[in-house]
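User: Hi! Could you walk me through this model before I head back to the bench?

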Amino acid sequence: MTTVLAVANQKGGVAKTTTVASLGAALAGLGRKVLVVDLDPQGCLTFSLGHNPDRLETSVHDVLTGQLPLRDVVLDTDEGFALVPATIDLAGAEAVLLMRPGREFTLKRALATLDDDYDVVLVDCPPSLGVLTLNGLTAANAVLVPLQCETLAHRGVGQLLRTVTEVQQITNPDLTLLGALPTLYDARTTHSRDVLSDVADRYDLPVLAPPIPRTVRFAEASASGATVLAGRGNKGAQAYRELAGNLVAHWDDGADLRTFTAAE
Ligand code: ADP
Ligand code: MG
């Protein structure tokens with residue numbers, strides 16, 4: 001059985017793409033067969049995994065518009081997992097999809113053609129709650145919400161959670177909300193911790209551990225077309241490895257996901 005995990009937050013810059021790439025590499029490192037799907041027309045995931053979206057002939061756009069089977073657009077990456085790339089064409093897919101019945105189910109139907117070739121599929125949603133994100137949430141077993149630990153991080157969380165509830169009611173009753181993943185976390189100040197307790201209290205939303213520390217290694221890595229896991233050991237890579245281990249224990253053995261406590 002393939003587990004599909006959507007990584008969603010309509011706010012940009014909260015580390016959705018970084019989480020998909022790094023968690024993908026970490027899960028591959030644990031021996032899982034991993035596919036990551038770029039659902040953002042900006043193609044940042046595609047680019048950060050060493051493929052230039054401007055030079056690609058085929059992409060997820062061709063799949064969502066019904067022109068190619070999903071298998072035909074899958075690319076390899078240097079880090080032991082597969083990628084469904086996005087190009088700027090995807091910006092036009094939204095309009096095409098809106099004209100179609102069952103538009104929220106397009107990605108789910110495409111993934112169903114893969115016959116469990118992968119253990120885990122990670123979906124990188126764009127920074128909006130439009131039809132592409134609805135496709136990601138409808139195709140998923142679970143959703144993870146990266147949350148940047150800064151003041152006003154909670155703005156928009158209520159709206160996102162309402163969208164998740166609507167998807168559960170209408171297109172995907174099986175969708176579970178794994179929780180928020182704290183990103184760009186600064187352990188040296190109390191500010192990050194205060195933001196997280198506030199969000200957890202306000203929305204009754206599990207906040208997962210470990211928080212992902214803020215480190216310059218992420219920017220360096222994506223610019224070089226690799227993830228932080230490919231480089232020398234660093235605390236960002238370590239945090240994603242730990243998260244991957246927690247997820248695998250949860251999926252395989254039903255272990256509770258570890259949640260954040262203010263002591264971290
Ligand atoms: P999103 O997909 O939500 O828009 P990205 O993953 O593209 O967010 O991240 C936004 C920016 O933040 C990128 O430049 C990325 O390199 C940087 N970034 C992500 N995670 C971290 C981190 N833990 N520490 C420092 N910078 C980070
Ligand atoms: Mg992104």
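Analyst: Happy to; we can go from the overall fold to the core and then to the ligand. Keep in mind that this is a predicted model.

User: Great. How many helices and strands are in the chain?

Analyst: The chain has ten helices and seven strands.

User: And what is its radius of gyration, set against that of a compact globule?

Analyst: The chain comes out at 17 Å, and a compact globule of 264 residues would be near 18 Å, so the two agree. Along the principal axes, the C-alpha atoms fill a box of roughly 50 × 40 × 35 Å.

User: What share of the residues is buried?

Analyst: Of the 264 residues, 47% count as buried. As for contacts, take those between residues at least 6 apart in sequence: 79% of them join residues at least 24 apart.

User: Let's zoom in on strand 2. How many of its residues are buried?

Analyst: Five of five, so to speak: strand 2, residues 34–38, is mostly covered. Val34, Val36 and Asp38 point one way, while Leu35 and Val37 point the other way, and all are buried.

User: Which strands does strand 2 pair with?

Analyst: One partner is strand 5 (residues 120–124), in the parallel sense and over five bridges. There, Val37 stands opposite Val123. Strand 4 (residues 82–84) also runs parallel to strand 2, joined to it by three bridges. In that pairing, Leu35 has Ala82 as its bridge partner.

User: Nice. Now the largest nonpolar core: which residues touch the most other members?

Analyst: Those are Ala6, Val36, Leu122, Val123 and Val143, in a core of 82 residues. Helix 1, residues 16–29, gives this core its largest share, with seven residues.

User: Leu122 caught my eye. What is it in contact with, leaving aside neighbours within four places in sequence?

Analyst: Leu122 is in contact with Leu5, Val7, Val20, Leu23, Gly24, Val34 and Val36. Two of the names there, Val34 and Val36, are the strand 2 residues that point the same way as Asp38.

User: Switching topic: which residues are closest to ligand 1?

Analyst: The closest are Ala15, Lys16, Thr17, Thr18 and Phe218, out of 19 residues that surround ligand 1.

User: Which helices supply at least two residues of that shell?

Analyst: Helix 1 and helix 9 (217–223) each do.

User: And how do the shell residues divide into nonpolar, polar and charged?

Analyst: Nine are nonpolar, eight are polar and two are charged.

User: Perfect, thanks!

Terms used. Residues are numbered from 1 along each chain as its sequence is written. Chains are lettered from A and ligands numbered from 1 in the order in which they are written. This is a predicted model: local features need pLDDT of at least 70, side-chain atom pairs count only at pLDDT 80 or more; totals for chains, interfaces and linings use all residues. Helices (H or I, at least four residues) and strands (E, at least two) are DSSP runs, numbered from the N terminus. The radius of gyration is taken over C-alpha atoms; the globule rule is 2.2 Å times the number of residues to the power 0.38. A residue is buried if 20 or more other C-beta atoms lie within 10 Å of its own, exposed if 12 or fewer, and partly exposed in between; C-beta atoms are placed from the backbone. Two residues are in contact if their C-beta atoms, placed from the backbone, lie within 7 Å. Two strands pair if DSSP finds at least two bridges between them. A nonpolar core is a set of buried Ala, Val, Leu, Ile, Met, Phe, Trp, Tyr and Cys residues joined through C-beta atoms within 7 Å. A residue is near a molecule or strand if its C-beta atom, placed from the backbone, lies within 6 Å of it. Ala, Val, Leu, Ile, Met, Phe, Trp, Tyr, Cys and Pro count as nonpolar, Asp, Glu, Lys and Arg as charged, and the others, Gly among them, as polar.
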